[in-house]
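Welcome! Let's look at the structure together and ask how its descriptions are justified.

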Amino acid sequence: MKRQRKKYLRPSHPWEKNRMDAEDAVLAKFGLRRKEEIWRAQTLLRNFRRQARDLLAASGPQAEKETKQLIVRLQSLGLVGENATLDDVLGLTVEKLLERRLQTVVHRKGLAQSMSQARQLITHGHIAIAGRRVNVPSYLVSAKEEPLVGYASGKPFTEGKLGSQGPSEPVKASGEEGTIPDTAGADEHNEEGEN
């Protein structure tokens with residue numbers, strides 16, 4: 001069985017006020033639940049940058065091939081544009097990476113009214129990509145998949161826009177309209193009849 005490894009690195013100094021304030025702002029902007037989600041994005045970005053720096057220092061056909069592969073991968077994720085270079089990879093930011101999360105894409109497309117609602121719709125299985133249900137808010141949406149993001153089939157959101165179901169009908173009890181019948185007297189009557 002393969003051992004699960006951590007996908008992020010914690011900050012070396014956990015109590016830096018400037019960094020903590022910046023993380024809180026990103027947390028609120030993108031509707032993230034934990035700072036681990038920011039650290040995961042930072043670690044992924046750090047790996048891209050390290051690979052780009054190594055390729056800038058290298059030369060030869062293998063370096064050119066790996067450079068092309070890295071840029072094609074980042075283009076498919078929508079992180080860099082056409083004719084991008086390794087300098088563009090070094091200029092990537094965490095916000096750019098967080099913009100590609102499924103949660104952000106769902107909110108930006110108007111499928112949810114807020115970031116927290118987008119997260120809830122995804123985790124409850126209401127969002128699909130090309131008909132395939134995805135319930136991971138941190139899923140990185142590729143440029144090809146972005147137009148295919150929508151509501152999952154068989155869900156109440158497919159009939160219309162969000163919130164078009166209208167208010168639910170109040171549940172009425174089996175007595176007078178809108179009231180719950182008093183059953184205390186009936187129980188006393190049954191007990192007297194049994195004795």
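**Salt bridges and a helix**

In this predicted model, a search of the whole structure finds ten salt bridges.

Q: Why is the pair Asp21 and Lys17 called a salt bridge?
A: The closest N and O atoms of Asp21 and Lys17 are 2.8 Å apart, and the cut-off is 4 Å, so the pair counts as a salt bridge. Both residues lie in helix H1, four residues apart, about one turn of the helix.

Q: Why is Lys17 called exposed?
A: Its relative accessibility is 58%, and exposed means over 50%, so Lys17 fits the term.

Q: What makes Asp21 partly exposed?
A: Asp21 has a relative accessible area of 38%. Partly exposed covers values between 20% and 50%, so Asp21 belongs there.

Q: How do you know that Arg119 and Glu37 form a salt bridge?
A: Their side chains meet at 3.3 Å, N to O, and the limit is 4 Å, so the pair qualifies. Arg119 in helix H7 and Glu37 in helix H2 are 82 residues apart, so this pair links distant parts of the chain. Both residues are buried.

Q: What makes the Glu146 and Arg108 pair a tie between parts of the chain?
A: The two side chains meet in a salt bridge of 2.8 Å, N to O. Glu146 lies in the loop between strands S2 and S3 and Arg108 in helix H6, so the pair ties together parts 38 residues apart in sequence.

Q: How do you know that the span of helix H2 agrees with its number of residues?
A: At 1.5 Å a residue, the 23 residues of H2 should span 33 Å, and its end C-alpha atoms are 33 Å apart, which agrees.

Methods: Residues numbered from 1 in each chain as written. Predicted model: local features only at pLDDT ≥ 70, side-chain atom pairs only at ≥ 80, totals over all residues. Heavy atoms only, no water. Helix = DSSP H or I, 4+ residues; strand = E, 2+ residues; numbered from the N terminus. Expected span 1.5 Å × (residues − 1). Buried < 20%, exposed > 50% of the residue type's maximum accessible area, 1.4 Å probe, protein only.
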